[in-house]
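Trainee: Please take one part of this model and go through it closely with me, then show me how it sits in the rest of the chain.

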Amino acid sequence: NFSFNDKAPDAQQQAQKARDDAELGQKLLDGLAKPKTMSDEQFAAQKKGPAALFAYTEGLTALFLKDYPGAEKAFHAALENDGKNPVTYFRLGLAYLQQAAQEQAAPAAAAAPAATPATPPAEGSASATPTSAPLPGPSAGQSDYMKGFWALARSIALKGQTEQQVREYLQNQMLVYQKTACQDLLTNEMNQLLQLAQTNESIDPPSSSATLPSGVQLGQYLQNSNLFTIMQDLQAGGDRANFVWLAVCGNEFPMVPVKVISVTTTTDGVDMQVYTGPTPDSIQKATTANMEVKVVNQPDSQRLKKDNIVRFTGTLASYDPQPNFLLHWDKAQVNPADIPPATPGKKRPGAGKRR
């Protein structure tokens, strides 16, 4: 394991020979007769060390040869004999993630471009009552991704010498998998996984662990939703709201039609309490807010008044759930065409008269 050079000209042949030798070693070990002076328990315990070494060697060579199912099986066997080895857990996690990436890449080759949030209907357009779509089913490779994340979490829990590097790798791999735009949501998911891995020593993820939504699923949800179905789903609460918020948090939505309920001037823009709804009529009749919008770097927005109907583009930052649902937007810009024109200054008495 320590002498192998994966850059050597004959690295493939070396790896295959090591794999063959490890398989032979395990076969010979299984065939050893128990000494009469040993109990069955003592003999089984004595064989655990070499069995773990043979299995780990087989797994490492399978990983190098890109036989990921073979690597998973071998590392599993190694952990069954030495269940507290953080390096073996790391290698097992690596094998699962490599396998998962291959599974995900196969259908993705023919997939459509990445989804973007649906734009709400423009003011004045007809719109049916919004209806939430079913949440997407499991994506390709999702099961192996979960097993890979769990194995890395177990490696971290065992506090090996490379704990910090494995922690950073896990966070990066979860980000690649999920592609959520809100880092704090990802950090929370990772902390929950690590907390469970501290108390559960199973090689595979326990049934109590959550299945994290993939970036593919989140993108499919965005493609089949609009702002109004998103708001309905967030208000529903529970697992559905958690899934939806992972999908939409940090996303920018363009040209959202709203009615201004109240407006407060800031240094370079305004903070607005506004209402949006699925139809122009519902927007026009609104008297209470369901969104807060922070407009920045747009001094002209300070001319906005109560009851103005405007469109803005902004980034979803947070939301308050029921009973007083409120969606919070940041880094917003109001459509310049919707901002009332500046009022001309009054002329000074006598201005314009000839002397």
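Mentor: Let's settle one word before we start: a contact here means heavy atoms within 4.5 Å. Also keep in mind that what you're looking at is a predicted model.

With that in hand, start at L65, in the loop between α2 (40-64) and α3 (68-81). Setting aside neighbours within four places in sequence, L65 is in contact with Q12, A15, Q16 and R19. A18 is 47 residues away from L65 in sequence, yet their C-alpha atoms are 11 Å apart in space. That's a warm-up for reading contacts; the part I'd really like to look at is α9.

A quick word on the whole chain first. Its secondary structure adds up to eleven helices and five strands. The radius of gyration is 30 Å, where a compact globule of 355 residues would come out near 20 Å. Along the principal axes, the C-alpha atoms fill a box of roughly 120 × 45 × 40 Å. For a feel of the distances, take S132 and E41: 91 residues separate them in sequence, and their C-alpha atoms are 59 Å apart. Of the 355 residues, 40% count as buried. If you look at contacts between residues at least 6 apart in sequence, 69% of them join residues at least 24 apart. About 19,400 Å² of the chain is exposed, with carbon and sulfur atoms supplying 52% of that.

Now for α9 (227-236) itself. Is this helix enclosed or open? It's largely enclosed by the rest of the structure, because seven of its ten residues are buried. Those residues are L227, F228, T229, I230, M231, D233 and L234. What do they pack against? On the helical side there are α8 and α10, and the strands are β1, β3 (291-295), β4 (309-320) and β5. In other words, the buried residues of α9 pack against both helices and strands.

Look at α8 next, since it turns up in that list. Helix α8 covers residues 215-223, and its buried residues are G215, Q217, L218, G219, Y221 and L222. They pack against α5 (142-157), α6, α9 and α10. Notice that α10 appears again: it packs with the buried residues of α8 and also with those of α9.

There's a loop residue to add to the picture. S132 sits between α4 (86-108) and α5. Is S132 buried, exposed or something in between? It counts as partly exposed, because its relative accessibility is 27% and that class runs between the 20% and 50% cut-offs. Beyond its neighbours up to four places away in sequence, S132 touches T229, Q232, D233 and R240. Of these, T229 and D233 are on the list of buried residues of α9.

Follow the chain past α10 (238-248) and you come to C249, in the loop before β1 (252-265). C249 is joined to C182 by a disulfide, with an S to S distance of 1.8 Å. The pair links distant parts of the chain, 67 residues apart, with C182 in the loop between α6 (163-178) and α7 (183-199). Which hand does the bridge have? The torsion about the S-S bond is about -85°, so this disulfide is left-handed. Both C182 and C249 are buried, and a search of the whole structure finds one disulfide.

The loop that holds C182 also holds K179. K179 has a phi near 60°, a positive value for a residue that isn't glycine. With 58% relative accessibility, K179 counts as exposed, whereas C182 is buried.

Back to β1, one of the strands that the buried residues of α9 pack against. M255 is in this strand, and it too has a positive phi, about 50°, without being a glycine. M255 counts as partly exposed, at 30% relative accessibility.

M255 also leads us on to N335, which lies in the segment after β5 (326-334). Apart from neighbours within four places in sequence, N335 is in contact with M255, R311 and F312. N335 is buried because its relative accessible area is 16%, under the 20% cut-off. Strand β5 also belongs to the surroundings of α9, being among the elements its buried residues pack against, and that brings us back to where we began with this helix.

How values were computed: Residues are numbered from 1 along each chain as its sequence is written. This is a predicted model: local features need pLDDT of at least 70, side-chain atom pairs count only at pLDDT 80 or more; totals for chains, interfaces and linings use all residues. Side-chain values use heavy atoms; hydrogens and water are left out. Helices (H or I, at least four residues) and strands (E, at least two) are DSSP runs, numbered from the N terminus. The radius of gyration is taken over C-alpha atoms; the globule rule is 2.2 Å times the number of residues to the power 0.38. Buried means under 20% relative accessible area, exposed over 50%, partly exposed in between (1.4 Å probe, protein chains only). Accessible areas come from the Shrake-Rupley method with a 1.4 Å probe; for residues, only the protein chains shown count as cover. A disulfide is a pair of cysteine sulfur atoms within 2.5 Å.
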